[in-house]
Amino acid sequence: MNDHRVSSSTRNYLEKLKEEAQYIAQNTDEEKKYTLSKKRADVIARNETNRFVNIQNHEIAKSMGYKFHIWQTMEDRYVRDTHENTNKQKKPIDEPFEVNGYLMMHPMDADFGAPIEEIIGCRCTETFSRK
């Protein structure tokens, strides 16, 4: 899929995440007892943003008639072994990938019970094919 335009709802969602992370980073010391560090907030915002983008891309690809999805890692030294083993796995678009024994419809998908170790910090993406 070559269309990288971002919808206004996606832009609004990303802006809200950014604002929340900035708010957390600017709290007073007393408030920080009950909030997250800026680093932790950044990790959460990055993960939630990537998860949201993966969900949207999957749904858009289905609506555009793509029949298959392919797990794609960054193919660098930071890729976790379990995701490297899944790299380039091609499945019908409605069938989940198997990642380290867990089912995932797309990178960062926890709906089938994948553990946090397979989700947090994942930089994988999903590509699509009509054949």
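Which residue in β2 is the bridge partner of F68? Select F68 and look across to P92, its partner in that strand.

Before going on, some ground rules. This is a predicted model, where local features need pLDDT of at least 70 and side-chain atom pairs count only at pLDDT 80 or more, while totals for chains, interfaces and linings use all residues. Residues are numbered from 1 along each chain as its sequence is written, and side-chain values use heavy atoms, with hydrogens and water left out.

**Stop 1: the sheet**

Show the cartoon and pick out β1 (residues 68–72), β2 (90–92) and β5 (125–129). Strands here are DSSP E runs of at least two residues, helices are H or I runs of at least four, and both are numbered from the N terminus. The three strands form an open sheet in the order β2-β1-β5, with antiparallel pairing. β2 and β5 stand at the edges with a single partner strand each, so one side of each has no neighbour in the sheet. From one strand to the next, the twist averages 30 degrees; axes are lines fitted to C-alpha atoms (for helices, over the stretch in contact), and angles run from 0 to 180 degrees between N-to-C directions.

Pairing takes at least two bridges found by DSSP between two strands. Strand β1 has five bridges to β5 and three to β2. For a landmark on the β5 side, select Q72, which stands opposite T125.

Now bring in helix α3 (residues 38–63): the helix lies across β1 and β5, running at about 5 degrees to β5.

**Stop 2: H69**

Stay on β1, where four of five residues are buried. Buried means under 20% relative accessible area, exposed means over 50%, and partly exposed is in between (1.4 Å probe, protein chains only). Select H69 in this strand; H69 counts as buried because its relative accessibility is 0%.

What does the side chain of H69 reach at 3.2 Å? That would be the backbone oxygen of P92, the residue you met opposite F68. Turn to E126 next: its side chain and that of H69 share a polar contact of 2.5 Å. A polar contact is a pair of N or O atoms within 3.5 Å; within protein, one must be able to donate a hydrogen and the other to accept it, and residues adjacent in sequence count only if both atoms are side-chain atoms.

Expand the selection to contacts (heavy atoms within 4.5 Å). Beyond four places in sequence, the contacts of H69 include H58, Q89, F97, M105 and F128.

**Stop 3: the core, then T82**

Select W71, F97, V99, M104, M108, A114, I119, C122 and C124: these nine residues are the largest nonpolar core. Such a core is a set of buried Ala, Val, Leu, Ile, Met, Phe, Trp, Tyr and Cys residues joined through side-chain atoms within 4.5 Å.

From V99, among whose contacts are W71, T82 and E118, hop to T82 in helix α4 (residues 81–84). Is T82 buried or exposed? At 19% relative accessible area, T82 is buried. Its side chain makes a polar contact of 2.8 Å with that of E118.

**Stop 4: P107**

Finish in the loop between β4 (102–104) and β5, where P107 sits. P107 is buried, at 0% relative accessibility. Its contacts beyond four places in sequence include N54, W71 and E126. For one last distance, draw a line to H83: the two are 24 residues apart in sequence and 9.1 Å apart in space, C-alpha to C-alpha.
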